Amino acid sequence: MTVSFNDQLLERHAGSQVRGLADPDCSCASIAILDADHNGARLLQAHLSDRFPGAEIVATDLEQTGVSLPGDPHDVYVVRLSDCGAKELAFFVAKEGPAGDASVVFWGRHPQAPQVAAARALGIRRVVPAARLLGWLCEALPSLVSEARGRRLLRQAQSSLPAIPDWSDTPATERLCLMQAESMFRETYLRRLLAETGSCRRAAEIAGVPYRTFYDMVKKLDLR
């Protein structure tokens, strides 16, 4: 870990222009570093705290937190994929559940390491090489925080939507007759085909009707 985040690496990225977490859309961000190597986690915490002074960055390990963290207390989790055990992948599965709004980033030392290979086999794409982790995080953290908060807001908005009122009290006289319903469906269907294809000829092929017939329908509905 100390090799990956040494002074030379910091110098390499010192001149890069990155957007800090103090920006309005990323203020009060909370990032958790999970690593069985306590010293390595503290070192990464120190580097990120220097770069993002407005963020709350904590360093811990999976032995303390377990794999199920209710309520997503953090926006982003930076998790080391070690060479033994499956706690990190179990953590990922737990965070992918219904309440898993936080962004999870894994990192590892070698692509052939058992945990890294297993993660990639499971379809996990957010696995960062150790040598490039610090520079990548400095650029990606604002977007990762926004991603997590966006998921959280979407879930909250969806859960707070009132139920759609039913139609049980709609008088029968106000319902569409079959002819009107068919006419409205036809117009909607034709509009959608034209919007998707931008071509009457292609739309006619998808609709399965002769071009002239399709064109006459479009002309009659004034959809040209």
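In what pattern do helices and strands follow one another along the chain? Read along the sequence, the order is α-β-α-β-α-β-α-β-α-β-α-α-α-α. The legends below describe a predicted model.

**Figure 1. The whole chain, with nine helices and five strands.**
The chain has 224 residues, and 36% of them are buried. Its accessible surface comes to about 13,800 Å². Carbon and sulfur atoms account for 55% of that surface. Consider the contacts in the chain with a separation of 6 or more: 69% of them join residues 24 or more positions apart. The pattern along the sequence ends in α-α-α-α.

**Figure 2. The salt bridge between Asp 75 and Arg 152.**
A search of the whole structure finds nine salt bridges. One of them pairs Asp 75 with Arg 152. Their closest N and O atoms are 3.0 Å apart. Asp 75 sits in the loop between helix 3 (62–65) and strand 3 (76–80), while Arg 152 belongs to helix 6 (residues 133–160), so the bridge ties together parts that are 77 residues apart in sequence. Are these two residues buried or exposed? Both Asp 75 and Arg 152 are buried. A further residue joins in: Asp 75, Arg 149 and Arg 152 are linked in a network of salt bridges.

**Figure 3. Arg 155 and Asp 101, joined by a salt bridge.**
The side chains of Arg 155 and Asp 101 meet at 2.5 Å, N to O. Arg 155 lies in helix 6, and Asp 101 lies in the loop between helix 4 (87–95) and strand 4 (103–108), so this bridge connects parts that are 54 residues apart in sequence. The two partners differ in exposure. Arg 155 is partly exposed, with a relative accessible area of 36%. Asp 101 is buried, at 4% relative accessibility.

**Figure 4. A salt bridge within helix 6, between Arg 151 and Glu 147.**
Here the closest N and O atoms are 3.7 Å apart. Arg 151 and Glu 147 both lie in helix 6. They are four residues apart, about one turn of the helix. Arg 151 is partly exposed, with a relative accessible area of 31%. Glu 147 is also partly exposed, at 28% relative accessibility.

**Figure 5. The aromatic pair of Phe 185 and Tyr 189.**
The structure holds two aromatic pairs. In this one, the ring centres of Phe 185 and Tyr 189 are 6.0 Å apart and the planes meet at 20°, so the pair is stacked. Why does that angle count as stacked? Planes under 30 degrees apart are classed that way. Phe 185 and Tyr 189 are four residues apart in helix 7 (residues 178–197), which means that about one helical turn separates them. Phe 185 is exposed, with a relative accessible area of 57%. Tyr 189 is partly exposed, with a relative accessible area of 35%.

**Figure 6. A nonpolar surface patch made by Phe 185, Tyr 189 and Ile 206.**
The patch covers about 310 Å². Phe 185 and Tyr 189 come from helix 7. Where is Ile 206 placed? Ile 206 is in helix 8 (residues 200–207). Its relative accessible area is 41%, and Ile 206 is partly exposed.

**Figure 7. Arg 201 over the ring of Tyr 211.**
Arg 201 lies over the face of Tyr 211. The distance to the ring centre is 4.1 Å.

**Figure 8. Leu 221 in the segment after helix 9 (211–220).**
Leu 221 is partly exposed, at 24% relative accessibility. Which residues does Leu 221 contact, leaving aside its neighbours within four places in sequence? Leu 221 is in contact with Glu 187 and Leu 190. Leu 221 and Arg 191 are 30 residues apart in sequence. In space, their C-alpha atoms are 9.9 Å apart.

**Figure 9. Thr 60 in strand 2 (residues 56–60).**
Thr 60 is buried, at 15% relative accessibility. Thr 60 and Gln 45 are 15 residues apart along the chain. Their C-alpha atoms are separated by 9.9 Å.

Key: Residues are numbered from 1 along each chain as its sequence is written. This is a predicted model: local features need pLDDT of at least 70, side-chain atom pairs count only at pLDDT 80 or more; totals for chains, interfaces and linings use all residues. Side-chain values use heavy atoms; hydrogens and water are left out. Helices (H or I, at least four residues) and strands (E, at least two) are DSSP runs, numbered from the N terminus. Buried means under 20% relative accessible area, exposed over 50%, partly exposed in between (1.4 Å probe, protein chains only). Contact means heavy atoms within 4.5 Å. Accessible areas come from the Shrake-Rupley method with a 1.4 Å probe; for residues, only the protein chains shown count as cover. Rings of Phe, Tyr and Trp (its six-membered ring) pair if their centres lie within 6.5 Å; planes under 30 degrees apart count as stacked, over 60 as edge-to-face and the rest as tilted. A charge sits over a ring if NZ of Lys or CZ of Arg is within 6 Å of the ring centre and within 35 degrees of the ring normal. Patches are made of residues with over 30% relative accessible area and no salt bridge: like charges are joined within 9 Å, nonpolar side chains (Val, Leu, Ile, Met, Phe, Trp, Tyr) within 5 Å. A salt bridge is a side-chain nitrogen of Lys or Arg within 4 Å of a carboxyl oxygen of Asp or Glu.
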